[in-house]
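Please open the model in your viewer and keep the sequence panel beside it, since each stop on this tour begins with a selection.

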Amino acid sequence: MIHLKVQISRFNPQGDLKPHTKQYAVDVNEGARILNVLQAIQSQDPTLSFRSSCRAGQCGSCAVRVNGEPKLACMAEATDRMLIEPLDLPVIKDLVVELVPGINSIPRIHPCDCHDIPDPAQIARLKPLRDCIECLSCVSACPAMKVTDFIGPTSMRAQMRIALDPRETESRIRDAIAQGLFTCTSCQRCRVVCPKEIEIPGKAIEKLREIANREGLTLPRHQAVADLVKRTGRSVETSDKTFLDQVPDIIEPFGEVKGEVGFFVGCMFNGRLPERALDLLEVMKRVGIRVIIPKDQICCGSPLIRTGQTSFLDEIKEKNIRAFTSRGITTVMTMCAGCGSTLKHDYETPFTVKDVTEILTEIKIPLPARLGEIVTYHDPCHLMNGQGISEQPRELIRRVAGSFVEMPAQCCGSGGGVRSGLPEEAAALGELRRSAIEATGADSVITICPFCEYHIQEHTDKPVKNLMTLLLEGYRKKEAQ
């Protein structure tokens, strides 16, 4: 037996003005699930309300938030001092939330008199989308649903499942667009919290956007980005000298060479924020990394993939892969979260792709001087959710910042084509970031994504810095001392 102390969110609308937490202590068997703990607590306090049914991870009814993360109570292991809260949905009582409206909004296939049945290949494409247990964990975590009328990731998954089914005789793409297909920021949060690991952004939303593109329904601003990539090889307009215009092909470190990487720059760092990429090179010089910069690299294609415009994507991939392999590069470094996630998941590369924070935490780098400012950190979605990287940036920040204050992670609104196609939604999500930043009391905001940096800076009066800039400030302070 083990002794656990847990906090549980309690709320009875008949007597409580707002939710509050209550601590319980229980003895349960080693390896007990969260549901076991809830049942043990309910034996002490029969007023506690929660849902459970199958107890085998198949019905989805027992989904709750544990330390802020949606989990199935019957499957997730209980831990000491965990905080159990309801999903971020309207609360009926305690851990019981309103599921009926969300489930009723999920599109269903239209019945027909046809005798078509899916063939094996169609079944294989359908299967990853059929595993949904309608727990609505993804809905509770979706940032777009906080600021728009988006029908949600569960319903978009259903629309793609229907689109792949030969028994559906009608095109549903216009329905999907009306339900908010282009409001998804591609933050990948729904995939991360899904207990069945359904890849809703990649396997459903982006595929529906491809169908929309084939039917001529892509948003005009997204079409303009695709035209720019086709014409210039870049997804953003540039006016001044780009990063690639300013640097040689090879940057040598100041001392011993501890490693060698190829640098995939990305469109934003190349054309809009070149000084951040220059800061990265200064850091690499000081930590002993040789950086090779192929000048013939172009846009990674992420803006096209996220908006469903993939007709010339293969040409882009081939050119970028050749730019690095022709120079014998075996490790490609990225500093843009979107580029890194795209190269890792949407390409089949003969080289290893690593974010700069992975590289800097894998080698022994010299310690920078500690700065005096209080900082907070914004997790880029395509880094935290897309690449599973969250601790590495924090490790680097702790080495240099005077004080580090956490804030809840949430999409800033700049991804998935939302900033360009639906700027009002992007601004609303940016304002939520403003509130979160202000609540930390930090002097500045650190991030490691150019889109996040650019967008958040429009919604806060605090300086927004790239992590490489922060590290460079620490190294320069040390050198001055």
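Bear in mind throughout that this is a predicted model. Begin by selecting strand β3, residues 63-66, together with strand β4, residues 69-72, which pair in the antiparallel sense over four bridges. The two strands form a hairpin with two residues between them, and Asn67 in that turn has a positive phi of about 50°. At the end of β3, pick Val66, which stands opposite Glu69 in β4 and also stands opposite Ile84 in β5. Extending the selection to strand β5, residues 83-85, shows the other pairing of β3, which is antiparallel and is made over two bridges.

Stay in this region and select Arg81, which is found in the loop between β4 and β5. Its phi is near 65°, a positive value in a residue other than glycine. Most residues other than glycine have a negative phi. With a relative accessibility of 57%, Arg81 counts as exposed. Ser9, in strand β1 (residues 2-10), counts as buried at 7% relative accessibility. Displaying the surroundings of Ser9, and leaving aside its neighbours within four places in sequence, you will find it in contact with Pro19, His20, Thr21, Ile84, Glu85, Pro86, Asp94 and Leu95.

Now colour the chain by domain, using domain 1 (2-97), domain 2 (102-215), domain 3 (234-362) and domain 4 (369-480). The C-alpha centres of domain 1 and domain 2 lie 29 Å apart, and the contact takes 12 residues from domain 1 and 11 residues from domain 2. About 900 Å² is buried between domain 1 and domain 2, with 54% of it on carbon and sulfur atoms. To see where this falls on the side of domain 1, select Pro70, Asp88 and Leu89, which supply 41% of the area that domain 1 buries against domain 2, more than any other three residues.

Next, go to Gln188, which lies in the loop between α7 (173-178) and α8 (189-193). Gln188 has a positive phi of about 70° although it is not a glycine, and at 12% relative accessibility it counts as buried.

Then select Val418, whose place is in helix α20, residues 418-421. Is Val418 buried or exposed? Its relative accessibility is 0%, so Val418 counts as buried. Which residues does Val418 touch, not counting residues up to four places away in sequence? They are Phe182, Thr183, Cys184, Thr185, Gly413, Pro423, Glu425 and Ala426. Of these, Thr185 is worth a distance label, as Val418 and Thr185 are 233 residues apart in sequence and 5.9 Å apart in space, C-alpha to C-alpha.

From there, move to His382 in helix α18, residues 381-387, which is buried, with a relative accessible area of 14%. Not counting residues up to four places away in sequence, His382 touches Ser186, Arg306, Ala337, Gly338, Ser341 and Gln387.

For the following stop, show the aromatic side chains; a search of the whole structure finds three aromatic pairs. In one of them, the rings of Phe324 and Phe351 have their centres 5.9 Å apart and their planes at 55°, so the pair is tilted. Phe324 lies in helix α15 (residues 313-325), whereas Phe351 lies in the loop between α16 (337-345) and β12 (352-355), so the pair ties together parts that are 27 residues apart in sequence. Both rings belong to buried residues, with Phe324 at 1% relative accessibility and Phe351 at a relative accessible area of 6%. Add Phe264 to the selection, and you have the one aromatic cluster that Phe264, Phe324 and Phe351 form. Another ring to display is that of Tyr347, over which the charged end of Lys317 sits, 5.7 Å from the ring centre.

Finish with the sheet of five strands, which is open and of mixed pairing, in the order β8-β10-β9-β11-β12. Its edge strands are β8 (250-251) and β12, each of which pairs on one side only. Within the sheet, select strand β9 (residues 259-264) and strand β10 (residues 289-292), which pair in the parallel sense over four bridges. A last label can go on Glu260, whose bridge partner in β10 is Arg290.

Note on methods
Residues are numbered from 1 along each chain as its sequence is written. This is a predicted model: local features need pLDDT of at least 70, side-chain atom pairs count only at pLDDT 80 or more; totals for chains, interfaces and linings use all residues. Side-chain values use heavy atoms; hydrogens and water are left out. Two strands pair if DSSP finds at least two bridges between them. Buried means under 20% relative accessible area, exposed over 50%, partly exposed in between (1.4 Å probe, protein chains only). Contact means heavy atoms within 4.5 Å. Rings of Phe, Tyr and Trp (its six-membered ring) pair if their centres lie within 6.5 Å; planes under 30 degrees apart count as stacked, over 60 as edge-to-face and the rest as tilted. A charge sits over a ring if NZ of Lys or CZ of Arg is within 6 Å of the ring centre and within 35 degrees of the ring normal. Domain bounds come from an automatic or database domain assignment. Buried area is the accessible area (1.4 Å probe) that two parts lose on being put together, summed over both.
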